[in-house]
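Visitor: I'd like a close look at one part of this predicted model: the nonpolar core and whatever is packed around it. Could you walk me through it?

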Amino acid sequence: MSLPTIDVLIPAIEKDLATLPYVIDAVRAQVKHPIGRILIVAPKQQRILDFCQTKGCTFINENSVLPLTKKDIHYRSRTWERSGWLFQQLLKLNGDKLCTADYFLVIDADTVLIAPHRFRAKGKTLFYSRNWSQPQYFVTYRKLMGRKVAAKSSFVTHYMLFERTKLARMKKEIEAKHHMPWYSAILHSMDRSKQFAFSEFETYGNYLYSTDRSGMAIRKALNKGLHMNAGQLSKAQRNKLAEKYRSLSFHKRKGYVRTPK
C-alpha cells in the first residue's frame, strides 16, 4: 500500500540555521512518504529567505499566520522568557491552514531523524511517546478540553504527524467550549506563571487518544538530546547512535533565560 504524500512544517528562528540544514536533509532521507512542500515558518529575515531558496523550502512569514504575533503573548517572568516558545506552538497548530496535503509532519528545528520513519500504517497514524512530561501540560489540557488526559505516556517527542481535518475539528471543539478563538482559549487556560504550561503535541495527541484511539499506533520515541552542534557529529557517530535511537535533538535553551537590564 502506498504511503500518503505529506507536507512538512518547521517553525524556526535565525539561531536555528545552524541545525536546520541537517533537519531538512534528514527529513528527506529518512521519511519514507512522498514529501509535498517543506514550509519554514519564521521571521522575515534575509538569511532565512536565502536559506529557504537554497534548500528548496517554502518560506512563510510567521507574522502572517495568526491574528497575533510573539509580541502579543507576554509569557515571561523576571528570570525566563517563553513568548517565542509558545508562539511557535500556536504556529504549528495553524498548520491545517498552511499545508495542503491531508497530513503534515511538524518537526522541531533542532531535531534530526537518524532512522527511517513511516507515519501511517494499516490505516493508523504512528505516534511516538516517552515516559515523562510536565504536569502543568495536563492541568492546561483539562481546562482547555474539559476532560482529563487518558494516555499513559507523553506525546512530547519533538515531531508529530498531524491530520488536517482532525486538527481543525479539535480547534472547533475548543472554540465551541470557550466561545473565543482557539488560540485565545489556550492563552486563557494556561497558568502563565508556570514555565512549562502548554504543549501542542500533548494536546493534539491526547485529543486523538480520547476521540480516535483506534486510529493511533504508539511507539517509543527513542530520542536522545545532545548538547553540541549537529555539524560536530561524524557519520560514524550518527550510525552508532542509530543502533539505539530514532532521532537526536540538539538543544540550545539559553534563549529562554532573561538577562537583567
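Guide: Sure, let's start in the middle. The largest nonpolar core has 47 residues, and of these Leu66 and Phe162 touch the most other members. Quite a few elements chip in with at least two residues each: the strands S2 (35-42), S4 (103-107) and S8 (159-163), plus the helices H3 (83-93), H5 (135-145), H6 (164-178), H7 (182-189) and H8. H3 gives the largest share, 6 residues. As a rule, nonpolar side chains in soluble globular proteins tend to be buried together.

Now zoom in on Phe162. Once you skip its neighbours within four places in sequence, Phe162 is in contact with Leu93, Asp102, Tyr103, Phe104, Val106, Leu167, Phe201 and Tyr204. There's also another core, apart from this one, with 39 residues, including Leu20, Ile48, Cys52 and Tyr159.

Back to Phe162: one of its contacts, Phe104, is also its bridge partner, with Phe104 in S4 and Phe162 in S8. Those two strands, S4 and S8, run antiparallel and are paired over 5 bridges. S4 has a further partner in S1 (residues 6-11), this time parallel, with 4 bridges joining them. If you want a spot to click on there, Val8 stands opposite Leu105 of S4.

S4 itself is worth a slow turn on the screen. One side carries Tyr103, Leu105 and Ile107, the other carries Phe104 and Val106, and every one of these is buried, so both faces are covered. With 5 of its 5 residues buried, S4 is therefore largely enclosed by the rest of the structure.

Helix H8, another contributor to the big core, leads us to a separate piece of the fold. Here you'll find an open sheet of 3 strands, ordered S6-S7-S9, with mixed pairing. S6 (120-121) and S9 (216-220) are the edge strands; each has a single partner strand, so one side of each has no neighbour in the sheet. S7 (residues 124-129) pairs with S9 in the parallel sense, over 5 bridges, and Tyr128 sits opposite Arg219 in S9. H8 (residues 200-211) packs on this sheet, touching S7 and S9, and its direction makes about 130 degrees with that of S9.

Note on methods:
Residues are numbered from 1 along each chain as its sequence is written. This is a predicted model: local features need pLDDT of at least 70, side-chain atom pairs count only at pLDDT 80 or more; totals for chains, interfaces and linings use all residues. Side-chain values use heavy atoms; hydrogens and water are left out. Two strands pair if DSSP finds at least two bridges between them. Contact means heavy atoms within 4.5 Å. Axes are lines fitted to C-alpha atoms, for helices over the stretch in contact, and angles run from 0 to 180 degrees between N-to-C directions. A nonpolar core is a set of buried Ala, Val, Leu, Ile, Met, Phe, Trp, Tyr and Cys residues joined through side-chain atoms within 4.5 Å. Buried means under 20% relative accessible area, exposed over 50%, partly exposed in between (1.4 Å probe, protein chains only).
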